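Visitor: I would like a close look at a single part of this structure, and then at what surrounds that part. Please keep to what can be read from the model.

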Amino acid sequence: MKSRWLALLLFGLVACQASESSSGIRLPMGFIPNIQFAPFYVALERGYFSEEGIELEFDYSFETDGVKLVGAGELPFSLVSGEQVLLARAQELPVVYVMAWWQDYPIAVAAPVGSGIETPQDLAGIQIGIPGTFGASYVGLRALLYSAGLTEEDITLDSIGFNQVESLISGRQQAVVVYVNNEPLQLNASGSPVNVIRVADYVDLASNGLLASESILAEDPDMVRGMIRATLRGIRDTIEDPEAAFEISKQYIEGLDQLSPADQDLQRAVLAESIKFWKTDRPGYSDPQAWENMQTVLLEMGLLAKPMDLAAAFTNEFLP
Amino acid sequence: MTALLPLVAIGVALLFWEGVARWSEIPLFILPPPSAIGERLARSIADGSLQRHTLVTLSEVLAGLALGAVSASLLGYGLAKSSTLEHALSPYIVASQSIPIVAIAPLLVIWFGPGRLSKVLISALIVFFPVLINTIVGVRTVPTELYDVMRSLRATKAQIFRKLEVPAATPVLLGGLKIGATLSVIGAVVGEFVGSDQGLGFLINVGNGLYDTPLVFVAVITLVAMALVLYGLVAMLERKVLAWRIVEVG
C-alpha cells in the first residue's frame with residue numbers, strides 16, 4: 001500500500017515537471033505583476049516572442065531565486081538588477097548580463113518637501129528608512145552616500161521593510177529609500193510631496209536588464225538574439241504608445257482594470273516615469289563604465305572581496 | 001548504545017550528504033557540502049557576526065515567548081472558567097489563527113516601528129494560540145470530584161487555584177509551552193525577514209542576497225539549535241515541576 005502511494009507521489013512530481021518543461025520558457029521577473037513589465041506583456045501579446053520561436057511564461061518569484069535558477073542552468077533567462085550579476089559571479093554562478101533595459105539606476109532617496117533634504121550631502125545626520133540592508137535599495141543608497149563622501153556611519157539607517165510610504169507620512173523616518181518610478185508618485189498623490197534625490201544624477205550604475213546562463217549563450221546563441229530582439233520590440237512599442245501598452249497590461253495584471261480611475265491614473269504615471277528610464281539611442285547597450293562604477297561601489301561596501309573580470313560579466317555581442 | 005544511535009544516524013547522513021555533494025559536483029550555491037557549511041560557520045564565529053545576530057534573535061524569542069505564554073495563560077484561565085467569556089471571544093480567537101502571520105507582520109512593523117518590539121509581538125502572537133488552548137484544556141480537565149473534595153475542606157478560591165488547578169493544569173500547559181517554544185523562533189524570524197538589520201532572519205536575507213548559500217545554512221542550523229535548546233529547557237522544567245507526579249506514577 002505504501003509503495004503504491006510513493007509511486008503515485010513520484011508520478012505526480014514527474015507529471016508536474018513534464019508539464020512545466022513542455023510549456024516553454026519561464027522568465028523570472030523578480031517582482032509581482034506590475035505595470036513596469038508592460039514591454040514584456042506587449043511583446044507577448046503581439047506575438048514578438050512567438051515569431052522568435054519562444055513560448056514565454058512569466059514567473060514572479062524573487063530576483064535572487066531567478067538568478068540561482070539561471071546559474072544552475074535550469075532556466076535560460078532572468079530579469080535582474082546590475083549588482084546581482086557581480087554578486088552572483090563572485091559566488092561562481094555562470095551568468096552573463098546580455099541586454100540593458102533600464103538605462104539609469106532607479107533608486108533614490110525621498111524626503112518631504114520643506115525638510116531641507118535635497119542633495120546627497122544633506123543626508124548626513126538624518127534617519128533614513130530602507131526596505132533592508134541588501135539588494136538594489138541598499139546598493140543605491142551606499143552609492144549615493146559614496147558620491148557625497150559619506151558613509152553609513154554618517155546616517156541612522158532603519159530597516160523598515162517595504163513600508164516606505166507609510167513610514168514617511170507618519171513621520172517615523174526623515175527620509176526613505178525608494179524606486180523613482182513608484183513611491184514618490186504614491187507620496188505625491190497622497191498629498192505628501194517629496195524631494196527626490198536620484199542615484200542616477202550622481203553616479204552611473206549598471207541597472208536592470210536581461211541575464212542569461214553561460215550555457216545558453218554557448219549552446220543556442222540564436223535563441224538569445226531572438227529573446228533580445230523580441231524584448232526590444234516590446235520596449236519600443238511601449239515607449240511609442242504607452243496607452244496601448246497600459247490596455248494590454250490589464251490582461252496580465254490581475255485587478256488593474258478594477259482600480260478606480262484615480263488609481264489607474266497613478267499606474268499610468270508609474271509607467272510614464274518608468275519609460276523615461278528606458279529611452280536611449282542604443283537600445284540594450286551596456287556601458288562598461290557603469291559596470292566599473294558598480295564594482296567600485298560593491299568593493300567599497302565590502303560585498304565584493306576583490307575586483308573581477310568585468311568583461312565576462314556582461315556582453316553587447318547579442319544585440320541586434 | 002541506544003543513546004548513541006541518533007549521533008550515528010546524523011553522522012551517516014552528513015557523510016552521505018558530503019559524498020553526494022562532492023561526487024555530483026553540485027555547485028556550492030545550490031547545495032553546499034557539510035564541510036563548506038562548517039568552514040562558513042567557523043568564519044562567522046571568528047568574526048563574531050553569528051554570536052551577535054544569534055543574541056538579537058534569542059532576546060526577541062525569549063521576550064516573545066514570555067509575553068505570549070503569560071498573556072495566553074491568563075486569558076486561557078479566564079476562558080476555561082467563564083463560559084460566557086468563552087462564547088464571546090472564542091470565535092474571534094479561532095478565526096485569528098487563520099490569518100497568515102507573514103501577512104500581518106508588515107503591518108506590525110508599521111505600527112510599532114522597525115525595532116525589536118515588532119519582532120517580539122510577532123513571536124508572542126505565534127506562541128499565543130497553542131498555550132491558550134492547552135491552558136483551557138488543562139483547567140477544564142481537572143476532575144469535578146477533586147473540586148468537591150477541596151470544597152468539603154472549605155478551601156478558598158485562591159487555595160483551589162493554587163493547590164488544585166495549577167498542579168492539575170501544569171502538565172498540559174507545559175505541553176503547549178513546548179510547542180510555543182519552537183514556534184517563537186519562527187515568529188521572530190518572520191519579523192526579521194520583513195524589516196531588520198540584525199538577527200538570524202536578517203542573516204538569511206544577507207546570505208540569499210549575496211548567493212552565499214553556506215551562510216544561509218549556518219543561520220538555519222543555528223535557528224534549529226535554538227529551537228531545540230528552548231524545547232529541551234521546557235522539557236527540563238517539566239521534569240522538575242512534575243517530579244512529584246513522576247514519583248507518584250512510579
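In the open sheet of five strands in chain A, what is the order of the strands, and what kind of pairing do they have?

Guide: The model is a predicted one. The order across this open sheet is S7-S6-S8-S5-S9 in chain A, and the pairing is mixed. Strand S7, residues 156–159, and strand S9, residues 194–198, form the edges, and each of them pairs on one side only. Leaving direction aside, neighbouring strands of the sheet are turned against each other by 30° on average.

In general, the strands of a sheet pair through backbone hydrogen bonds, in either the parallel or the antiparallel sense. The edge strand S7(A) and its partner, strand S6 of chain A (residues 127–130), run parallel and are joined by four bridges. Within this pair, A:Gly129 has A:Asp158 of S7(A) opposite.

A helix belongs in this picture as well. Helix H6 of chain A, residues 135–147, packs on the sheet and touches strand S5 (107–112), S6, S7, strand S8 (175–179) and S9. The direction of H6 makes about 75° with that of S5(A).

Strand S7 also leads to the partner chain. Together with helix H4 (63–71) and helix H5 (82–90), S7 of chain A is one of the elements giving two or more residues to the side that touches chain B. Of the elements on that side, H4(A) gives the most, with four residues. Sorted by type, the residues on the side of chain A that touches chain B are 10 nonpolar, nine polar and four charged.

As for the contact as a whole, 23 residues of chain A and 20 residues of chain B take part. The two chains bury about 1800 Å² between them, with 62% of that area on carbon and sulfur atoms. On the chain A side, A:Lys68, A:Phe134 and A:Arg172 lose the most area to chain B, and together they make up 28% of what that side buries. Between chain A and chain B there are six residue pairs in polar contact, while zero salt bridges are found across the interface.

Chain B itself has 11 helices and zero strands. Its C-alpha atoms fill a box of roughly 75 × 55 × 30 Å along the principal axes.

Helix H4 then leads back into chain A, to another sheet. H4(A) lies across S3, S4 and S10 of chain A and runs at about 145° to S3(A). Those strands make an open sheet of three, in the order S3-S10-S4, with antiparallel pairing. Strand S3 (77–80) and strand S4 (95–100) each have a single partner strand, so one side of each is left without a neighbour in the sheet. The twist from one strand to the next averages 35°. Between S3(A) and strand S10 of chain A (residues 209–213), four bridges hold an antiparallel pair. One of the matched positions is A:Val80, whose bridge partner in S10(A) is A:Gly209.

A last point concerns charged pairs. Side chains of opposite charge can pair when their charged atoms come close. Over all chains, the whole structure holds 22 salt bridges, although the count across the interface of chain A and chain B is zero. One example is the salt bridge of A:Asp222 with A:Arg225, where the closest N and O atoms are 3.5 Å apart. Both A:Asp222 and A:Arg225 sit in helix H10 of chain A (residues 221–240), three residues apart, which is about one turn of the helix.

How values were computed: Residues numbered from 1 in each chain as written. Chains lettered and ligands numbered in written order. Predicted model: local features only at pLDDT ≥ 70, side-chain atom pairs only at ≥ 80, totals over all residues. Heavy atoms only, no water. Pairing = 2+ DSSP bridges. Axes fitted to C-alpha atoms, helices over the stretch in contact; angles between N-to-C directions. Contact = heavy atoms within 4.5 Å. Buried area = accessible area lost by both parts, 1.4 Å probe. Salt bridge = Lys/Arg side-chain N within 4 Å of Asp/Glu carboxyl O. Polar contact = N/O pair within 3.5 Å; in protein donor to acceptor, adjacent residues only side chain to side chain. Nonpolar A, V, L, I, M, F, W, Y, C, P; charged D, E, K, R; others polar.
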